[in-house]
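Biologist: I am new to reading models of proteins with a bound molecule, and I would like to learn how to look at the ligand, the domains and the cavities in turn. Could you take me through them slowly?

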Amino acid sequence: MTDSKIKIESLYKIFGPKPKAVLPLVLEGISKQDLLENHGHVLGLKDINIDIPSREISVIMGLSGSGKSTLIRHINRLIEPTDGRILVDGEDVLGMDKAALQNFRRHKASMVFQKFGLLVHRTVAENVAYGLTIQSVPVEEARERCQKWINRVGLSGFEGHYPSQLSGGMQQRVGLARALATDAEILLMDEAFSALDPLIRNDMQGILLELQEELHKTIVFITHDLDEALRIGDRIAILRDGAVIQQGKPQEIVMRPADDYIFDFIKDINRGRVIEVKTIMTAGEKVKGPDLNHNVLLEEALQIVSDSETREGNVVSDEGEVIGSINLAKIVQALSRPNVEVGEETRYR
Amino acid sequence: MDFDQFPSMGREDLRDFKKGIDSGFRDFSREFGEAIELFFEPLLWFLVWLEQLLQATPWPIIIIVVGALAWLGSRSIKIVVGSVLSFFAIGYFGMWEDTMSTLAIISISTLVCISLGIPTGIMMARSDRAQKIVTPILDIMQTIPAFVYLIPVVMLLGIGKVPGLIAVCIYAMPPVVRLTNLGIRLVEKEALEAADAFGASSTQRLFGVQIPLALPNIFAGVNQTIMMALSMVVIASMIGVAGLGVPVLRSISNQYLALGLMNGLAIVVLAIIFDRVSQEYGARLQKHRQGTQHD
Ligand SMILES: Nc1ncnc2c1ncn2[C@@H]1O[C@H](COP(=O)(O)OP(=O)(O)O)[C@@H](O)[C@H]1O
Ligand SMILES: [Mg+2]
């Protein structure tokens, strides 16, 4: 387990005229609807506890209106919480004064927005340099540092263009380069690719993963798209009505959805591309058959095992030690049916 | 009850009431008139200086400057030629001097309106309370008949260029204030959020994001302010401002049709030149918004 970079503790956010006054009701567990209808306040976030490990991509997923944008904006305090704590590298973000917060935003955490948030009166190069301009980095130095990122996201040659002259995908590359240019360790991405066409979105996910392989930033990535979450997320937290209902590794969520809400999310995904053999193996003796690394995905394992004579295979650790076995039946079962063990009473809505 | 007659204040009381206000204001102006005049002294000096400068400059130079400014603003040969020809016509029909005086007062009052109006607009945009307070004042400034506020202004400062300037500014300032406020309020939320997220200070946010993005609107406000200032030229001339308004007034009292028409048209021509040049300039400010749009 990696150390946690961002720690969110019992975070509550209530929108409305007197959030503090209705906080006790929320702590007692009033429903979102009741709070809105009888007390005129919107419950944005409810008792959020998340540890975000450093150097990984943590995805926060949920349907529209579930509080994703509200949550991510608490990390750099674009939104003030009603109650709770947010620690980044052990430092309380809420305790920061104006100057410290400004400093935090300039150097520690940068952000990529769903609708890009570019400055339309500035060129691509000027937009990418925006964070550095704010920090009063000398123009020459800023240009040099930015050029690297402009090239890196594939915008070379477009430096002098205005955002309105670019396609959506290109605009978000500008947004990404702008966020990278400040060299912040934390990257906050609020549905950064949701506004893009599927093909372009795929490209951008690729670019992000490629960059991450080299940069190892702490990325908080918001999405409403499970495929995207599974592709890029090292960890996933699922949000509903302002509360986290499940968090963990993608496999854990796919294998053991906490309730029907999540089950509905995962039921249509290609499980073969998410689940690794170690998740479904039977621990124990070596069997007759090919060896599979424990990180091999079911899609690949299916191929290998069904090609083998015994229809069985060994799961081996990185060191080559046998740690368990799998067989064709197990793989097929895991591919076809999620093991949901949720009763009628937990059925949402 | 008798509903034929409104139960008004007694005639005596009413007279005393008005008299009270009048004498109160008269005392005020006797007390502070001089100080206020002193306060406006630099403005008067500036106005006189500009007027004399324009008058003293040989006309070919003025025409060249007009053409050059028109070109810088509009980048359109048509507009440059139109402006230059208009100035030739104005000179040819004997209105050169009055036109220079009018240009002087319009320039100064526009400068005053911009330097007071834009900060006021910014203040309004930043605070809903300021907006609530200033909006009705702007409404009054735009709707109250000019003659009504001329009375206290003249009582305070007498007849002259400064009261004229103040009258013009009262009438012409609201558009630039309103459109500055509107422009800043219309700046996209995402752009502001981005500025905040990258740690912009409120000054960086104002000058780096809000004002640049509001500029087209602010500029439209300046344009309207200039137009409204021009439309005040005749009224301003009633209280001693030199310029194209003076002959218009004279032709009203003497029924000189041609004189009135010519000077009136000169005002219109100035307005059109200002408008076209500034519109073109405003459009160029927005060039980044057009571009070749993809997807
Ligand atoms: N400023 C606000 N005032 C009142 N309610 C808000 C505000 N911002 C968000 N909300 C409410 O909080 C909930 C979560 O919103 P949001 O975080 O934008 O969701 P998501 O990003 O997941 O779509 C929604 O019900 C939304 O209506
Ligand atoms: Mg959102």
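Modeller: Let us begin with the idea of a polar contact, which is a pair of N or O atoms within 3.5 Å. Please keep in mind that this is a predicted model.

Biologist: With that cut-off in hand, which polar atoms lie 2.7 Å or 2.4 Å from an oxygen atom of ligand 1?

Modeller: A polar backbone atom of A:Gly65 is 2.7 Å from an oxygen atom of ligand 1, and a polar side-chain atom of A:Ser69 also lies 2.7 Å from an oxygen atom of the ligand. For A:Thr70, a polar side-chain atom lies 2.4 Å from an oxygen atom of ligand 1. As for cover, ligand 1 taken alone exposes 560 Å², and the protein buries 60% of that.

Biologist: Which residues are around ligand 1, and how do they divide by class?

Modeller: A residue belongs to this shell if one of its heavy atoms lies within 4 Å of the ligand. The residues around ligand 1 include A:Phe15, A:Lys32, A:Val42 and A:Leu63, together with A:Ser64, A:Gly65, A:Ser66, A:Gly67, A:Lys68, A:Ser69 and A:Thr70. By class, the shell has 3 nonpolar, 6 polar and 2 charged residues. Helix H3 of chain A, residues 68–75, gives the most to this shell, with 3 residues.

Biologist: Stepping back to the whole of chain A, where do its domains lie in the sequence?

Modeller: The domain assignment of chain A gives domain 1 as 4–248 and domain 2 as 271–348. Taken over C-alpha atoms, the centres of domain 1 and domain 2 of chain A are separated by 35 Å.

Biologist: How many cavities of 30 Å³ or more are there, and what lines the largest cavity?

Modeller: A cavity is a space where a probe fits but cannot get out, and the count here comes to 4 cavities of 30 Å³ or more. The largest cavity holds about 60 Å³ of space, and among the residues lining it are A:Ile50, A:Asp51, A:Arg235 and A:Gln247. Strands E2 (42–53), E3 (57–61) and E9 (235–240) of chain A each supply at least two residues of that lining, which divides into 6 nonpolar, 2 polar and 2 charged residues.

Biologist: What classes of residue line the second largest cavity?

Modeller: Its lining has 7 nonpolar, no polar and no charged residues, including B:Ile105, B:Val168 and B:Ala242. Helix H4 (96–126) and helix H10 (233–238) of chain B each supply at least two residues of this lining, and about 40 Å³ of space lies in the second largest cavity.

Technical notes: Residues numbered from 1 in each chain as written. Chains lettered and ligands numbered in written order. Predicted model: local features only at pLDDT ≥ 70, side-chain atom pairs only at ≥ 80, totals over all residues. Heavy atoms only, no water. Polar contact = N/O pair within 3.5 Å; in protein donor to acceptor, adjacent residues only side chain to side chain. Areas by Shrake-Rupley, 256 points an atom, 1.4 Å probe, with all protein chains shown as cover. Helix = DSSP H or I, 4+ residues; strand = E, 2+ residues; numbered from the N terminus. Nonpolar A, V, L, I, M, F, W, Y, C, P; charged D, E, K, R; others polar. Domains from an automatic or database assignment. 1 Å grid on protein atoms, 1.4 Å probe; cavity = no way out; pocket = protein on both sides within 12 Å on 5 of 7 lines; lining within 4 Å. Points joined across faces, edges and corners; volume = space filled by probe spheres on them.
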